[in-house]
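Look at the structure below before reading on. The text goes through it piece by piece, with the reliability of the coordinates taken up along the way.

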Amino acid sequence: MSKKMMLRNTMSPTSIVSIGVHPLLSHKRRTISAALEQRLFCMTDARFRLKSFSKAWLLVRVLFEILLCATGGACMLAAEEKPEDLEGIGGRWFVRKTADKPVYFLLDGERYVDLFSYHMRDSNRDAIDEVRISHDQHSLIIRSQGYPNHPTADFPNSGNPNTIRIHDFTFYLPLLPRKAEHITRLPMGPIGTAINGVVFFNPFEQGGMNALEGYSEVWLDSCCGHPEMRGVYHYHKYPTCVKSPFPDDSNQHSPVIGFAFDGFPVHGPYEAKGRRAMDIESDLALDACNGHEDRERGYHYHATPGKFPYIIGGYAGVPDMRNNRGMTRMGYGPIRDNAEGASQLIAVISRVEPVTLKRNSRQLVTIHLDPEKAKRGVLPAGKPSWVQIGPCEASEIERSGNIVKATIDVPSDASIDVPLDCHIEFTGQSIARPEVFKKNNACRVVE
Ligand SMILES: [Zn+2]
Ligand SMILES: [Zn+2]
């Protein structure tokens, strides 16, 4: 069975386990102030509702609860909202111990989210789960095969000579990430991991040029990844095919899609309903690392589609050096964009229609090919063997002249309003490797 076929059978992600109200903040001083704010708010509210309570009694209650929090005792509201069987292991991390594998949860804003269960599966059929999670006193420990559990292009191909291989990575994420005084410069190689165990790379390829824009743009498949020489499949930009535990509907803060090696989470593009983090210009604007800090989540990064540094621009926190030995040699400061000129990628796909795809639907998509852009002005013969738009695979592909028509199934949990790339492949007896073409930002999914 081909890899693509196997991946078609993967299940949909698990849902959120519960919604809390009050964030359990790791830093003690923040815990006190946040808890106090919450309590004062409740008390103020209560004063209007329960007029028989005297102000003196309220003051005693408030003082009692401040004391309870300050001495490290469980803050009542937070304890009540957390599912009983979750045990805190440090910072925003919790575990549910089960007879089988432990299940790890991150407190993401107000939700306790099971980030990894969906990805702890053996989709490459080698009897080993692609992602395995454990922890020790200081770190969440991710063992990963670095193997994509979503459809990919057929590698090697005309856009990339490498093969995707299975690896045995161990990554350590600090349970209590802390901001550093200096930004640590990003090394080459893995800089973080998506929640499916596939690694993030910085925006540069070997040679140090921007891999996503300008003449140095490289060929990524429509899930935003490609393998390097050793076969490590990696993302240079917001990976639109990684399943997060709750779909990104662009109506709220985007879910966590992965982590930088300093332990801070990386979220999708949205900060709030219809508002991308990269468009914020207030105090909450993203810094040079692509991060910002709020009361609900503390410091966190956002992926910025189409905008350098795309995933993260540096480590704002203290990275665990065990994750990438290249970090020990790295200096300080954020990376800088060096894109120049026009892309050299073959732009055979001139247009994809419609540009908006309806979530949870089956749609006919028309792809216009421009033979003048092909090598020697000749397009491969026959119909494409594969058509993919973001995570959506096509069935029933037809071609008539320079027009390809493909039926696309848009899943019900597709992220809303994020740019999706389209790629097509031609395989044939006369072609040694699949000939591949792509169009960036071809479509987006709407409700
Ligand atoms: Zn790369
Ligand atoms: Zn944010």
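How many bridges join β3 to strand β4? In this predicted model, four bridges join them, and the two strands run antiparallel. Strand β4 covers residues 103-108, and one of the facing pairs sets Arg 96 opposite Val 103 in β4. The chain passes from β3 to β4 by a hairpin with six residues in the connection.

Strand β3, residues 93-96, also pairs with strand β2, residues 87-90. Here too the sense is antiparallel, with three bridges. Across this pair, Gly 88 faces Phe 94 in β3. The hairpin of β2 and β3 has two residues between the strands, and Gly 91 takes a positive phi near 55° there. Strands of a sheet pair through backbone hydrogen bonds, either parallel or antiparallel.

Further along the chain is an open sheet of eight strands. Going across the sheet, the order is β12-β13-β11-β10-β14-β15-β19-β18, and the pairing is mixed. Which strands lie at the edges? They are β12, residues 225-227, and β18, residues 291-294, and each of them pairs on one side only. Inside that order, β14 is followed by β15. Strand β14 spans residues 256-260 and strand β15 spans residues 265-267; the two are antiparallel and share three bridges. Phe 259 stands opposite Pro 265 in β15. In a regular strand the side chains alternate between the two faces of the sheet.

Now take the protein as a whole. It has four helices and 28 strands. Of its 447 residues, 43% are buried. Among contacts with a separation of 6 or more, 64% are between residues 24 or more positions apart.

How far can the coordinates be trusted? The mean pLDDT of the protein is 84, and 82% of the residues reach 70 or more. Over residues 5-55, however, the pLDDT is below 50, although the model gives this stretch 81 contacts beyond near neighbours in sequence. A second stretch, residues 64-80, also stays under 50 in pLDDT, and the model has 19 contacts for it beyond four places in sequence. Where pLDDT is low, the predicted coordinates should not be read in detail. That caution applies to the contacts of residues 5-55 and to those of residues 64-80.

Terms used: Residues are numbered from 1 along each chain as its sequence is written. Chains are lettered from A and ligands numbered from 1 in the order in which they are written. This is a predicted model: local features need pLDDT of at least 70, side-chain atom pairs count only at pLDDT 80 or more; totals for chains, interfaces and linings use all residues. Two strands pair if DSSP finds at least two bridges between them. pLDDT is the predictor's confidence in each residue, from 0 to 100. Two residues are in contact if their C-beta atoms, placed from the backbone, lie within 7 Å. A residue is buried if 20 or more other C-beta atoms lie within 10 Å of its own, exposed if 12 or fewer, and partly exposed in between; C-beta atoms are placed from the backbone.
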